[in-house]
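Q: I'd like a close look at a single part of this model, please. Pick one spot, walk me through it slowly, and then tell me what else is worth knowing about the rest.

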Amino acid sequence: MKTANHTEVRGFVLQGFSNFREHQLILFAVFLTLYLLTLAGNVIIVTIIRVDHHLHTPMYFFLSVLSTSETCYSLVIIPRMLSGLVGLSQSISLVGCGTQLFFFLGFAITNCLLLAVMGFDRYVAICNPLRYSIVMNWRACTILASSVCASGFLLSLVQAVAIFRLPFCNSLIEHFFCDVRPVLDLACVTPIVNDILTLTVSLLAITAPATFLLISYVLILSTILKIASAEGRKKAFATCSSHLMVVIVHYGCASIAYFKPKSENTKDQDQLISVTYTVITPLLNPVVYSLRNKEVHDALRRVVGRKSLP
């Protein structure tokens, strides 16, 4: 718990990528390209799932929700980051910072929980195929998706309110957006309850669903290995390989970012990790599902072919 005398802070300044000042235009071009690819990829996935009835299944329903959430997640962070790279104002109001933190955490937690739900969908499909249509009916899918979104933003609200009730002694955020640790570092006093709350949210948003996914995939792998034919095993694994790749990168980045000891934090390391989970990870979802998924390939061909007909 740290304490200090303080004056009222009404706004913050985002330091951004000041250590890479001579490369900021290059960074702008790279991040803008990745951002546009992310938006285009996720919009294409959501559109294909919506218009092609072959993809009207629980797995693709959750994928469309994830793509929508990833798109909103990118919109919260990247436009302001890009404006800072071209020299526009880096100042942000107290309310603006709190709003950005709230939506960033809300969509980030929602994405983590959605990946866990998608893992449960794959578990039921592979381990209990005869009960799949009963367990994963449309009412259950809608309730699961709604509950995940509500839980994500409820946890985000609790975290954001707890942080922005604190007094701040400094206005310079050594980061390119309002993240939990950089904002907490500016607080004049950080009660132990805030540290406990941050750890609790991290455990609920990252550790709990990651543990659930680990157990699910152990059971899935056990079931796949019991399939007699090699072709059957290959087909079963193909239905969850794309999801597994996204899970490993997503939870890996989140775990490094939020469970790394404070003493090991450096500004450049934090920014590199943050770029990974704010710029790279949202792009991973459409890339993996479009490049590795035959059903999405086939649906895209059908949609394109339908549009090209006279």
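A: Let's start with a term: a helix here is a DSSP run of H or I, at least four residues long, and helices are numbered from the N terminus. Keep in mind that this is a predicted model.

Our spot is Leu25, which sits in helix α1, residues 24–51. Is Leu25 buried or exposed? Its relative accessible area is 65%, and the cut-off for exposed is over 50%, so Leu25 counts as exposed. Leu25 also has partners: together with Val86 and Leu88 it makes a nonpolar surface patch of about 300 Å².

Now step back to His23, in the loop between β1 (11–14) and α1. His23 has a relative accessible area of 38%. That value falls between the 20% and 50% cut-offs, so His23 is partly exposed. Here's a fun bit of geometry: His23 and Gly11 are twelve residues apart in sequence, and their C-alpha atoms are 27 Å apart in space.

For a contrast with Leu25, go to Ser67 in helix α2, residues 58–85. Ser67 has 0% relative accessibility, so it counts as buried. What does Ser67 touch, leaving aside neighbours within four places in sequence? Its contacts are Asn42, Ile45, Val46 and Asn285.

Next comes the inside. The largest nonpolar core has 89 residues, and the ones touching the most other members are Phe12, Phe104, Phe168 and Tyr277. Helix α3 (residues 94–127) gives this core its largest share, 16 residues. Take Phe104 as an example: if you skip residues up to four places away in sequence, it touches Tyr73, Val76, Ile77, Phe177, Asp179, Tyr258, Tyr277 and Thr278. Notice Tyr277 in that list, since Tyr277 was also named among the core members with the most contacts.

What about charges? The structure holds one salt bridge. It joins the side chains of Asp121 and Arg122, at 2.8 Å from N to O, and both of those residues are buried.

Finally, how far can you trust the picture? The protein's mean pLDDT is 85, with 92% of residues at 70 or more. Confidence is highest in helix α5 (residues 138–164), at 95, and lowest in helix α10 (residues 294–308), at a mean of 71. As a rule, where pLDDT is low, predicted coordinates shouldn't be read in detail.

Note on methods
Residues are numbered from 1 along each chain as its sequence is written. This is a predicted model: local features need pLDDT of at least 70, side-chain atom pairs count only at pLDDT 80 or more; totals for chains, interfaces and linings use all residues. Side-chain values use heavy atoms; hydrogens and water are left out. Patches are made of residues with over 30% relative accessible area and no salt bridge: like charges are joined within 9 Å, nonpolar side chains (Val, Leu, Ile, Met, Phe, Trp, Tyr) within 5 Å. Accessible areas come from the Shrake-Rupley method with a 1.4 Å probe; for residues, only the protein chains shown count as cover. A salt bridge is a side-chain nitrogen of Lys or Arg within 4 Å of a carboxyl oxygen of Asp or Glu. Helices (H or I, at least four residues) and strands (E, at least two) are DSSP runs, numbered from the N terminus. Buried means under 20% relative accessible area, exposed over 50%, partly exposed in between (1.4 Å probe, protein chains only). pLDDT is the predictor's confidence in each residue, from 0 to 100. A nonpolar core is a set of buried Ala, Val, Leu, Ile, Met, Phe, Trp, Tyr and Cys residues joined through side-chain atoms within 4.5 Å. Contact means heavy atoms within 4.5 Å.
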